[in-house]
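User: I am new to this structure and would like to go through it step by step. Could you show it to me before I ask my questions?

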Amino acid sequence: MSFVTPDQRRRLRSSIPWFTTPDQTRRSGPAPFPPFATPRPESRRLDLRWPDGGVPGRSDRDKEVNVQVVLRCRPFSDDEQRLNVQKVIICNEQKREVTVSSKQVDKTFTFDKVFGINAQQRTIYDSAILPVVSEVLEGFNCTVFAYGQTGTGKTYTMEGGTKSKGELATDAGVIPRAVRQIFDTLEAQKADYSVKVSFLELYNEEITDLLAPDGSTRFGEERQRRTISLMEDGKGGVFVRGLEEEVVYSASDIYSLLERGSAKRRTADTLLNKQSSRSHSIFSITVHVREATIGGEDLIKCGKLNLVDLAGSENILRSGAREGRAREAGEINKSLLTLGRVITALVEHSGHIPYRDSKLTRLLRESLGGKTKTCIIATVSPSAHCLEETLSTLDYAYRAKNIRNKPEVNQKLSKSVLLKDLYLEIERMKQDVQAAREKNGVYIPHDRFVQNEAEKKMVNERVETLENELEQWKKKANRFEEFYNAEKEQTLNLRSDIKQCRENLENVNRAFQELQENHRMIKSVVKEKEFIISKLLCSENSLLEQTKELRTNLETASEDLNTLLSKLDCKTKLEGENHELVLKFGFQLDQSLRNLHKIVIESVSQQNQHFKSMEKCISSFLASKCEATKNLESRIGKIKDSYSSGVAIMKDFACSLQQKASQNIEHMETTFYAQAMTIENFLVTAVSEAEYVLHDIQGSLSEHKQLVCFSAKQQEEGLQRNLVSTLVISKTMIDFFNDFHSRVSRLMEILEENHRERSCQIANFEKKFKDDSVREEKEALKRITTILANLTARKTNMVSEALKNMSDVNIEDKRKLEQEMFSIQKVSEDAKKEWNSYIGKVENQIQEDTFSMAGARGTMEHILQDCSKKVDDSRQQWKNIQLVVGHINNNSTTEITTYVEQSISANSTALEEIMSTSMSADGKFSDGASDLLVGVNSLPTNMYNPEEARYHCAKSGIHRGIKGTSI
Ligand SMILES: Nc1ncnc2c1ncn2[C@@H]1O[C@H](COP(=O)(O)OP(=O)(O)OP(=O)(O)O)[C@@H](O)[C@H]1O
C-alpha cells in the first residue's frame, strides 16, 4: 500500500456522507476516503483493537444510550458586572443540579454534568468531552453540540477565546482540544491513520462550505458563498453534496483551517453579543485508522466527530435585531424551534419525528435518535435579564436528556475496497488533469458559464427536490407497505383471536343466558308470589272491611230492632194506657152507674115518698109503671151486657195484641239470631277457607323456597365443582409453567455453559494458535520451505480438530436441546391432555347443570300453574262469599223491613179496631143511656107513688137487684 506523504497534501473534492457509516459513504460517491496520510510512512502493526475484535457485536447494536446533557453557566460579562445585574442561577456541580432562583421562579434541574461560572475550559473538556472523543477513536460517530441563548458562550465553549496555532491556550474550546486529543492518541498509539475535516455553515436554510478556497480567482467570492445541497442517501441518511474535506496531518493544520472557516462565519454585533454568530456551524473530523488482521488483510476503522455550534436563540426585541437581522434571527429561531419539536417528538416517542422540517434537523438526524453518540452542551447566562430564555434553555435541555440513541460502531473497511475507491478517484482526477492539460475540455465565456452554473444549480436543486420527494414517497410507500403488512398480519391474528373470542363469548353467553333465564324465572316466580300475597292481603283486608261493614250493618239492624222494640214498648204502653182508659171508662161508668143508682135510689125514695103520698093516686098507674120498670130493667141489663161484652172484647183485643207483639218480637229475634248464625257460620267457613287457601299458598311458597334453595345449592355445587376443576387446572398450568420455566432456565444455563465453554475453547484456540504461530514463525525462519508444508498440515489438523471439537459440542448441544424439546413437548402433551380432560369434565358438568336446571324449571312451572289455579279458586270463593254476604244482607234487610211494615200495619189495624170498638161501645153506651133517659123521662112524674113503686118493685124484684148492685 502506498501512503501519501505530507507534500502530497491536497484537497479532496467529494460527496461526503453526513453522519453516516463508511459503507454508506462508499455507495454515495467516488473515493470518499483519503489515502493514509500519517507522516510516518513505515507500516506498523496496530495496537488498537475493537473490544470484540471484529464487527460490532449484537450487544452494541441493541444498546440504547441517553443523550448526555451538560450545562454550563457563563460568568457575568463586563457590562453585566458594571450594571450590577442580579444573579439568578446557582450551580451545584457535585449534585449536578442547577437552580433558577428569583422572585418569580424557584426551580431546580438535574443534568449529567453541571459547570458553574468558574468552570474552566479544560475542566469541561476533560470531564465531559474527552470520553466522547475516545469513543470516536473506537470507531463511533459522535456529536457534540452547543445550544443556548445568544451570547451565553456557545462559540466560546466550542472554539474558545484566543486562537493560537501552537500550544493550546487555557481558554481553548472543545474543537481544538478534541483535535489535540485525537492526534495525541493516534501518535501515542503509533497508528497508521488519516484525519480529514470539513466545516460547513447553515445560514438561512442554506449550506455553505467554510473551507472552500478563498477568492483566488475572480469568481472567488462567488465560490466562497456558493451554497451546496443536502441529499438523501436513500437509507434514511443525508449527505452534503460538494462539501470539501481537507486532509490534515497535524493539530496545527486543523487550527489554521478552523481559524479560516471561523473567519468566514457570518457574525454580527447585537445588543447581547458583540460578535454574535448568525449561522449554525458544523465542524467534522473524520478519523481513519488502519489495523491489521489475522488473515493479513488490513482493515480500516473509521470514526467521526461532529462539533456543532448552533446560532443562539434570541429575543428579537432584546437583541435589538432590525430588518435583515430580525429576519435572520427569525430563521435561526425557526430552525431551533424545529430542533425543539424533534426533541419533543423523540422524547414523547411520537410516530412522526419532524426531521425534514429544517436542514438543521436533517443534518442532526443521526445525532438525535440515531446511531451516533451525542452530547449537548446547554449554555446559560447567570443574569436575571435573561431569566426567560434561561428557563427555556433549561427546559429544552432537560427534555433532551430523555432522547435515546442507539450508537453503533462503524463497520470496518478492507484495504482493497478502500484502494479501489482511491484508484477510481485518482483515475477521475487524472482525466481532469489530462483534459486541462490538453485543453480538450469545454471552454465557454464566463457569463455563459455563470448562467450555465446557475441553471445547473437550479436543475440540481430541482433534482434534489424531486429526489427528496421521491425518497419521501418511497419512504411513505415503504411505510404503508410495512403498515399494510403489519395490519394484515394483525388482522389475521385479530381474526383468529376474534374467532376464538367469539366461540368463548358464545359459550359464556349461552351459560349466561341460561343463568339469566333461571334468574328471570325465579324472579318472576317470586314476583308472582309477592303479587299473590299482596292480592291475598288485599282481599283479606277487603274481607275484614266487609266484615266490619256487616258488623256495622248488624249493629244498625240491632239498633233498628231496639227502636222497634222501644216502639213496641210504646205500643204496649199505649195499650196499657188504653187499658187504663178502658178501666177508667169502666170506673167512670161504674161511678155513673153508682150515681145513677144513687139517683135511682133517691128517685125511688122520692118515688116511695111520692108512692106513699100518692100510693093511692098512682096505684092505677102501677101496672104501667111496673111495665116501664121492667123495660128499664131490661135496658139496664142490656147496657150491662154490652158494657161487659165491650170490656171483654177490649181485654181480648189487648191480649191478642200483646200476644201478637210478643210473637213478632220472638219471630224477629229468631230471624236475627238465624241471620247472625248464618253470617257467623258463613264467616267461620270463609275464614277457614281463607286459612286453607293461605295455608296452601304458604305450602307452595315453602315448596318454591325449597326448590329455589335446592337449585341454588345445585348451582353452587356446580360452581364449586367448576372452581375446584379450575383450581386443579390452574395448578396444573402453574406446575406446567414452573416446570417449563425450570426447563427453559436449565436450557439457558446449558446454553450459557456451552457458550462459556466455546468462548473458552476459542480463547484457548486463539492463544494456542498465537503461541504456535510465534513459535512456528521462529522455526519458519530456519526451515521455511520444509516446515511450511508441515505447518500448513498441522494448522489444518488443528483447525479441523478444533472444528471437530466444536461440532461434537454442537452435536451434544443439539442432543441436549432435542432432549429438552422432547421433554417440553411431553409436558405440553400432558398439559394438553389434562386440559382436554378438564374441558370434558366441564362440558359434562355444564350438561348436568343444564339438565338439573331444566328439571327445576319444569317443577317450578308446575308449581306455578298449581299456585295460579289455587289463586283462581280462592278468588272465586271470595267472590261467592261476597255474593252470599250480599244476599244475606239483602234478605235480612227485606225481612226486617217487611216485619217492621207488618208490625206497623198490625199495630195500626189494632188501633183502628180499638178505636172502632171503643166507638161502638161508646155508641152503645150512649144509646143505652139515652134509652134509659128516654125511659126515665117517659115515666109519669105527677102520679108517682112510692108505695106503688115499691110495690111494683117488690113485685118485679128490681128493688132487690138494685139493692144487690149497690152492695
Ligand atoms: N465561560 C466564559 N468565560 C469567559 N467568557 C465567556 C464565557 N462564555 C462566554 N464568554 C464571553 O461571552 C461573549 C459571548 O460569547 P459567545 O460569542 O461564545 O456567545 P454565543 O452563545 O456563541 O453567542 P451567539 O449565539 O450570539 O453566537 C464572548 O465575548 C465570550 O468571550
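Analyst: Here we can take the overall make-up, the ligand site, the cores and a few single residues in turn. This is a predicted model, in which local features need pLDDT of at least 70 and side-chain atom pairs count only at pLDDT 80 or more, while totals for chains, interfaces and linings use all residues. Residues are numbered from 1 along each chain as its sequence is written, and side-chain values use heavy atoms, with hydrogens and water left out.

User: How many helices and strands does the protein have, and what percentage of its residues count as buried?

Analyst: Helices (H or I, at least four residues) and strands (E, at least two) are DSSP runs, numbered from the N terminus. On that basis the protein has 18 helices and 21 strands. Buried means under 20% relative accessible area, exposed over 50%, and partly exposed in between (1.4 Å probe, protein chains only). Of the 967 residues, the share that counts as buried is 38%.

User: Which element supplies the largest share of the shell around the ligand?

Analyst: A residue is near the ligand if one of its heavy atoms lies within 4 Å of it, and of the 16 residues around the ligand, T150, K154, T155, S276 and S277 come nearest. Both α5 (154-158) and β16 (276-277) supply at least two residues of this shell. The largest share, 3 residues, comes from α5.

User: Which residue places a polar side-chain atom 2.8 Å from an oxygen atom of the ligand?

Analyst: A polar contact is a pair of N or O atoms within 3.5 Å; within protein, one must be able to donate a hydrogen and the other to accept it, and residues adjacent in sequence count only if both atoms are side-chain atoms. Polar backbone atoms take part at G151, 2.8 Å from a ligand oxygen, and at T152, where the distance to a ligand oxygen is 3.2 Å. The polar side-chain atom that lies 2.8 Å from an oxygen of the ligand belongs to K154.

User: Which helix gives the most to the largest nonpolar core?

Analyst: A nonpolar core is a set of buried Ala, Val, Leu, Ile, Met, Phe, Trp, Tyr and Cys residues joined through side-chain atoms within 4.5 Å. The largest one has 49 residues, of which F111 and L339 touch the most other members. With 8 residues, the helix that gives the most to this core is α10 (residues 323-347).

User: Is S383 buried or exposed?

Analyst: S383 sits in the loop between β19 (373-380) and α12 (387-400). Contact means heavy atoms within 4.5 Å, and, not counting residues up to four places away in sequence, S383 touches F76, E80, V85, Q86 and V88. The C-alpha atoms of S383 and F76 are separated by 7.1 Å, although the two residues are 307 residues apart along the chain. With a relative accessible area of 0%, S383 is buried.

User: Is H349 buried or exposed?

Analyst: H349 is not a glycine, yet has a positive phi of about 55°. Its place is in the loop between α10 and α11 (359-363). At a relative accessible area of 62%, H349 is exposed.

User: What is the relative accessibility of E205?

Analyst: E205, in the loop between β10 (192-203) and β11 (206-209), also has a positive phi, of about 65°, although it is not a glycine. E205 counts as partly exposed because its relative accessibility is 27%.
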